[in-house]
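Good morning, colleagues. I should like to take you through one structure today, beginning with a single turn and working outwards.

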Amino acid sequence: MKLARFPRSHFRSRLRLIIASAWSQAYLLLPSALIASEPLAKGIQDNSFFIEEAYNQEPGVVQHIFNLAIDFTNGSREIAPSFTQEWPVFSQTHQFSYTIPYLFTEDDNGMEDMRLNYRLQAFMEGKYTPAFAPRLSLVLPTGDSDKGFGAGVVAYEFNLPFSKIVSDRWTLHFNAGMSVFPNAHQSRHLTNYNVGASAIYAVSRDFNLMLETLAGWNEDIAEGVFAFEETVERSTSAIISPGARYALNLPNDAQLVIGAALPIGLTSDTPDWGLFFYCSFEHPFVRTEPRQIK
């Protein structure tokens with residue numbers, strides 16, 4: 001029995017047409033497939049409340065952050081708004097930022113000590129390794145130390161943040177740091193230590209649930225004593241803070257993230273409880289050329 005044969009030229013034409021059609025369909029589907037394979041945890045990054053995430057700003061993108069903390073202790077209330085701006089320095093490897101805090105107490109209000117921050121993206125996140133971005137901060141004595149709004153001296157702060165996406169929906173963060181206030185009140189060197197960790201769960205790409213914990217061991221000059229009697233007062237603070245955040249992805253690669261949390265004090269040196277509100281706006285500040293597909 002003879003098998004039917006197609007003319008060689010006709011067979012090749014048909015084969016080329018099938019391959020070209022299949023390749024064009026695969027090419028059109030490739031971007032969406034890549035997006036689908038990206039973890040949901042990457043939808044919102046660098047938007048934690050109390051724990052620092054180890055992700056520097058991308059080149060050409062600036063972030064504006066407004067925080068509002070309201071603490072309640074034994075019937076009294078303190079309101080502490082702050083503004084932070086984060087800028088990449090030529091690349092994602094280097095980042096500069098500053099933080100301007102303010103404090104409203106029951107009796108007075110005023111600016112607290114301002115911070116100038118430099119952060120190095122020492123390691124990018126890998127399959128088995130976390131992102132690591134150590135930070136060095138210069139604390140400026142912009143707060144009135146007589147009113148308790150500052151230390152009255154130039155100080156230094158270090159923080160070591162680690163971040164790792166561990167599954168499609170889960171991200172873990174860890175912080176360890178310290179601050180040094182040399183010759184505080186012309187008599188003492190004060191040193192503070194802090195550790196913290198958080199777990200972020202991505203309900204969706206644009207909505208996250210958060211659980212943050214933070215502990216600190218702090219030194220200060222005891223109040224109500226004369227200068228020649230100044231003694232160091234030590235305290236231990238700790239909070240646990242459940243919260244949530246939501247991202248609005250806007251045109252021109254801009255992103256607005258809003259969030260709220262309920263911090264709960266765990267020690268006698270910590271406010272009993274509080275409210276925390278977060279707002280971040282991220283957008284490009286340089287024009288980028290669209291990618292050309294070759």
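**The turn and its strands**

Asparagine 252 adopts a positive phi near 60° in the hairpin formed by S12 and S13, where three residues lie between the strands. Please bear in mind that we are looking at a predicted model.

Let us stay with that hairpin. Strand S13 covers residues 254-261, and S12 pairs with S13 through eight bridges in the antiparallel sense. Within this pairing, tyrosine 246 is placed opposite isoleucine 258 of S13.

What else does S12 pair with? Strand S11, residues 207-221, runs antiparallel to S12, residues 232-250, and 15 bridges join the two. In addition, two bridges connect S12 with strand S14, residues 264-265, again in the antiparallel sense.

Isoleucine 239 is a useful residue to locate on the screen. Leucine 214 has isoleucine 239 of S12 as its bridge partner, and isoleucine 239 in turn has glycine 265 of S14 as a bridge partner. As a general reminder, side chains in a regular strand alternate between the two faces of the sheet.

I turn now to the chain as a whole. How many helices and strands does the protein chain contain? The secondary structure amounts to one helix and 15 strands. The chain has 294 residues, of which 34% count as buried. Among contacts with a separation of 6 or more, 54% are between residues 24 or more positions apart. The exposed surface of the chain is about 18,100 Å², and carbon and sulfur atoms contribute 62% of that area.

Next, a loop residue. Glycine 148 sits in the loop between strand S7, 135-140, and strand S8, 155-165. Is glycine 148 buried or exposed? Its relative accessibility is 52%, and because the exposed class begins over 50%, glycine 148 counts as exposed. Glycine 110 is 38 residues away from glycine 148 along the chain, and their C-alpha atoms are 9.6 Å apart.

Finally, the interior. Rolling a probe the size of a water molecule over the atoms reveals where empty space remains. How many cavities of 30 Å³ or more does a search of the whole structure find? The search returns one, and the largest cavity holds about 30 Å³ of space. Its lining consists of Ala41, Ile44, Gln45, Glu53, Tyr55, Thr171, His173, Ile200 and Arg245. Sorted by class, the lining of the largest cavity comprises four nonpolar, three polar and two charged residues.

Thank you for your attention.

Technical notes:
Residues numbered from 1 in each chain as written. Predicted model: local features only at pLDDT ≥ 70, side-chain atom pairs only at ≥ 80, totals over all residues. Heavy atoms only, no water. 1 Å grid on protein atoms, 1.4 Å probe; cavity = no way out; pocket = protein on both sides within 12 Å on 5 of 7 lines; lining within 4 Å. Points joined across faces, edges and corners; volume = space filled by probe spheres on them. Nonpolar A, V, L, I, M, F, W, Y, C, P; charged D, E, K, R; others polar. Pairing = 2+ DSSP bridges. Helix = DSSP H or I, 4+ residues; strand = E, 2+ residues; numbered from the N terminus. Buried < 20%, exposed > 50% of the residue type's maximum accessible area, 1.4 Å probe, protein only. Contact = heavy atoms within 4.5 Å. Areas by Shrake-Rupley, 256 points an atom, 1.4 Å probe, with all protein chains shown as cover.
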